[in-house]
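Welcome! Open your viewer, get comfortable, and let us walk through a couple of stops together.

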Amino acid sequence: MAITILSSPLSYTPVYNDINFVASSTNVAQPNFNFIVDVKVNGSTVTRHRIPPNPTNNYCLFNAKRIVENYLTQPFAYSNLDVRSHSSSIASLVLEFREEYGTTPAIGALSATSSTIYCWIASLDAPEFVDYVVTKYRLMTSEIGVSQLLTNNATPNIKYSEKAWIYALVGEAYAVSTFEIRAYNSAGTQIQLTRVLNSYSAVTSVGHRMLSCPSGPENLNDILNAQLDATTQNQGNIIPSNTSYYTIQTRGNSAGSILTTYNIIDPCTKYESIRIHFLNKLGGFDSFTFDLLSRENNAIERKKYKRNLGAFSGSSYVYNDLQRSNIIYDTQVNETLVINSNWITDAESVWLEELLTSPITYMETSQGIEVVNVTDSAYEVKKRVNDKLFNLTITLEKTYTKTRQRG
């Protein structure tokens with residue numbers, strides 16, 4: 001007997017939280033002893049580590065978090081009109097353990113191999129991570145209404161003309177065969193049923209375990225019949241014009257996620273609406289619309305040098321009205337935007353903290369979509385019992401700098 005793996009992370013674990021493994025060895029008393037840990041991401045060995053035993057208990061403690069997160073990114077599926085898998089948003093992790101010891105230390109043969117851990121691009125707050133169970137988000141074929149989709153806003157408001165997306169974490173083959181959309185009128189009567197096909201339902205690669213599906217009225221109604229179940233081909237009418245609300249859940253072999261319910265609203269506003277799409281802490285993209293006044297500001301930075309007036313004209317030194325002494329040789333303009341939401345609820349106030357802290361945000365306007373950053377350094381979660389009616393004001397910074405010609 002040599003190395004024993006004493007504990008491992010859960011089979012699905014958020015990559016921005018600790019990913020701790022603990023191992024022991026019967027050979028720790030040998031001279032110059034070290035644990036050798038090889039990290040395999042998506043089947044390939046990416047790093048090797050020499051870990052001395054912990055002096056208090058002789059165990060090996062290895063946290064793979066900072067290694068695996070380097071292999072993950074979250075692309076924004078803005079133009080997708082079908083179910084997509086996201087291979088860059090989830091990775092498989094396996095650790096291989098060896099021993100090194102001896103007067104002249106030598107690395108021995110493979111001694112223990114961990115189970116496969118699937119790490120996805122999420123970051124849970126400490127209380128959530130401490131109480132986290134794998135069934136919270138991971139969808140299985142035998143579980144109905146157990147796991148939620150990758151959003152903490154289960155009842156978003158949305159306009160009929162807006163786009164949105166919903167994300168899912170898949171635990172095994174055929175846990176997600178379709179995304180099922182049911183539309184209801186104002187009387188609560190179902191008026192439409194549509195199932196969007198998941199062409200990755202067999203889960204033949206790691207990336208098939210992280211999915212996104214259009215979920216806004218605009219992009220749902222743009223899905224073609226070829227992407228819909230043969231019995232529910234409602235191209236252009238997945239969300240009928242008289243829909244009051246609709247639900248989305250995944251469906252698999254006798255399984256289904258917890259419902260997400262979209263409420264269609266039509267707020268009265270005289271201002272241009274600005275819709276923000278942002279990476280939430282569960283690894284999906286959420287969306288929220290700011291309907292009230294927005295103000296654009298431009299911070300202008302100029303660099304100048306000074307030169308003498310006048311110039312030679314033949315043998316004469318002359319002056320004219322077009323000559324300048326202070327010359328601008330570099331002009332940069334940084335744009336910021338202050339935007340305001342309509343009234344929000346207590347639940348939205350809590351959820352929107354994820355927007356304020358998101359590292360990836362996009363702004364959608366009538367002119368198109370732009371990458372922006374939220375610059376606010378503080379956020380107060382408000383409650384109606386304290387603040388009566390309240391809204392949200394945030395400041396956005398565009399991520400490019402405008403330049404002007406040199407003088």
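Before the first stop, a word on labels: helices and strands here are DSSP runs, numbered from the N terminus, with at least four residues for a helix and at least two for a strand. Please also keep in mind that this is a predicted model.

**First stop: aspartate 82.** Select aspartate 82, and you will land in the loop between α1 (65-68) and β7 (84-85). Is aspartate 82 buried or exposed? Its relative accessible area is 14%, and aspartate 82 counts as buried because the cut-off for that word is under 20%.

Now show the side chains. The one of aspartate 82 makes a polar contact with the side chain of arginine 84, at 2.6 Å. Next, add Ser212, Cys213, Pro214 and Gln227 to your selection: aspartate 82 touches these four residues, leaving aside any up to four places away in sequence.

**Second stop: a cavity.** Rolling a probe the size of a water molecule over the atoms shows where empty space is left. How many cavities of 30 Å³ or more does a search of the whole structure find? The search finds 1, and the volume of the largest cavity is about 120 Å³. To find its centre, select Pro156, Ala164, Tyr262, Asp286 and Ser287, the closest to that point of the 14 lining residues.

Then colour β13 (157-158), β14 (165-170) and β22 (285-290), the elements that each give two or more residues to this lining. β22 gives the most, with 3 residues. Colour the lining by residue type to finish: 8 of its residues are nonpolar, 4 are polar and 2 are charged.

Definitions and conventions. Residues are numbered from 1 along each chain as its sequence is written. This is a predicted model: local features need pLDDT of at least 70, side-chain atom pairs count only at pLDDT 80 or more; totals for chains, interfaces and linings use all residues. Side-chain values use heavy atoms; hydrogens and water are left out. Buried means under 20% relative accessible area, exposed over 50%, partly exposed in between (1.4 Å probe, protein chains only). A polar contact is a pair of N or O atoms within 3.5 Å; within protein, one must be able to donate a hydrogen and the other to accept it, and residues adjacent in sequence count only if both atoms are side-chain atoms. Contact means heavy atoms within 4.5 Å. On a 1 Å grid over the protein atoms alone, a cavity is a set of points where a 1.4 Å probe fits but cannot get out, and a pocket is an open set with protein on both sides within 12 Å along at least five of seven lines; lining residues have an atom within 4 Å of a point. Grid points are joined across faces, edges and corners, and a volume is the space filled by probe spheres set on the points. Ala, Val, Leu, Ile, Met, Phe, Trp, Tyr, Cys and Pro count as nonpolar, Asp, Glu, Lys and Arg as charged, and the others, Gly among them, as polar.
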